[in-house]
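Here are my notes on the strands and how they pair. Please read them with the model open.

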Amino acid sequence: MSYVDEVLERVKAKNASEPEFLQAVEEVLESLKPAIEANEEKYRKEALLERLTEPDRQFKFRVPWVDDNGQVQVNTGYRIQFNNAIGPYKGGLRLHPSVNTGIIKFLGFEQIFKNSLTGLPIGGGKGGADFDPKGKSDREVMAFCQSFMTELGKYIGSDVDVPAGDIGTGAREIGYMFGQYKKIKGTYEGVLTGKGLSYGGSLARTEATGYGLLYITEELMKCHGESMEGKTVVISGAGNVAIYATQKAQQMGAKVVTCSDSTGWIYDPEGIDVALLKEVKEVKRARLTEYAAARPGAEYHEGRGVWSVKCDIALPCATQNELLIDDAKQLVANGCKAVCEGANMPTTIDATKYLQENGVWFIGGKAANAGGVATSALEMSQNSERLSWTFEEVDSKLKQIMINIYHNIDDAAKRYGEEGNYVMGANIAGFEKVAEAMLAQGVV
């Protein structure tokens, strides 16, 4: 049995109740086989994969808070510090009812390789809670965030672990968490990224994941003799990533015709109105039915269906496992040329394989959505220097990072005889740097 298969068996036996984590580990390790087999004896002796798939540490804690009716509520908080071989742990805080240990471990494991791909000195981590900010008052969100940070604050720091935003954790939540950290620690440090501009945040951070997704998509198209101009794009989601991916795609001359949320989706043949989408989602925090009501040419549909729309490029920007095998078949049948992931692991393994086997250019999330964490690392740099860079400076650095990521994953795939397999290329390119650092630092 190969070393990869041995480790996979062990991980599956040990983490049987965590399907998302197992899915991520299997996808990564299977695609790393060529790189592992080239150094199998050395990696086995050093137990490199066992150390890579076991988090450095995991925290699970109670988060009590009081709602507006005076009722005490209790949520569960999590932080997984997965690997700091190349820098402080870095990864977002997800606030959503679906959050559990398996999901946080999957996200943290993916973050190791994504962060490595940026070329910046940041390790992999992730955290969050099963708290839902939707429908809560600002005071209730503040009460939760302060309680959450009172415990989380014991384990993080600007040179230790630097959390950021994620699903459910936007500028409001980061602000409340930062304020509480500052109060309990008595220090003013860049311990969180995604902060407001008035207290150490970075310009272009809000746009970063969506913009970065389009910069790598544009480079992919360019290297295949295509351009974004005139292309029809379908996007899922209606949050931060989807909104700014839509904005940047349209700036590049493409037409984005869909968006979605947890209850339904919009088809707008004239192209999504970004200003209206922002109004509905960021200001009113409303459902997409309000978008359709304000836009006569747009159609609202209940449930799923974004991937049924004919397109040149598909960008899943919502959540994990949202693009299934039947969706992949529909995209191929409709002549889709490229799928690039704006969310974390939104495409199932069988759907990914089907897209690749049928000639669709496919870039996975750890490469395609690395723009957010890259800009978070740039925010860390600005905090360390006590400086603020202009929007243009940050955006320019982001664009170059995403172009570099494309060429690094393309080169890694070619080196192992798998040209065009950008999933394998991303995993190998991210892994090589982390493995080298782990081996150099000894058994720790």
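1. Start with one strand pair. Strands E11 (residues 313-315) and E12 (residues 338-340) run parallel and are joined by 2 bridges. Within this pairing, Ala 314 sits opposite Val 339 of E12. Keep in mind that the model is predicted.

2. This pair belongs to an open sheet. The sheet has 5 strands, ordered E7-E6-E11-E12-E13. Its pairing is parallel. Which strands lie at the edges? They are strand E7 (255-256) and strand E13 (361-363), each of which pairs on one side only.

3. Now turn to strand E4. It spans residues 123-129, and 7 of its 7 residues are buried. Cover comes from both faces. Gly 123, Gly 125, Gly 127 and Ala 129 are buried on one side. On the other side, Gly 124, Lys 126 and Gly 128 are buried too. Note that a lysine, Lys 126, is among these buried residues.

4. E4 has an antiparallel partner. Strand E2 (residues 72-83) is joined to E4 by 6 bridges. In this pairing, Ile 80 has Lys 126 of E4 as its bridge partner. That is the Lys 126 listed among the buried residues of E4.

5. E4 also has a parallel partner. Strand E3 (residues 89-95) runs parallel to E4, and 5 bridges join them. Here Arg 94 has Gly 128 of E4 as its bridge partner. Gly 128 is on the face of E4 that also holds Gly 124 and Lys 126.

6. A helix completes the link between these parallel strands. E3, helix H5 (residues 101-117) and E4 form a β-α-β unit. Which hand does this unit have? It is right-handed.

How values were computed
Residues are numbered from 1 along each chain as its sequence is written. This is a predicted model: local features need pLDDT of at least 70, side-chain atom pairs count only at pLDDT 80 or more; totals for chains, interfaces and linings use all residues. Side-chain values use heavy atoms; hydrogens and water are left out. Two strands pair if DSSP finds at least two bridges between them. Helices (H or I, at least four residues) and strands (E, at least two) are DSSP runs, numbered from the N terminus. Buried means under 20% relative accessible area, exposed over 50%, partly exposed in between (1.4 Å probe, protein chains only). A crossover is right-handed if, with the strands pointing away from the viewer, the path from the first strand over the helix to the second runs clockwise.
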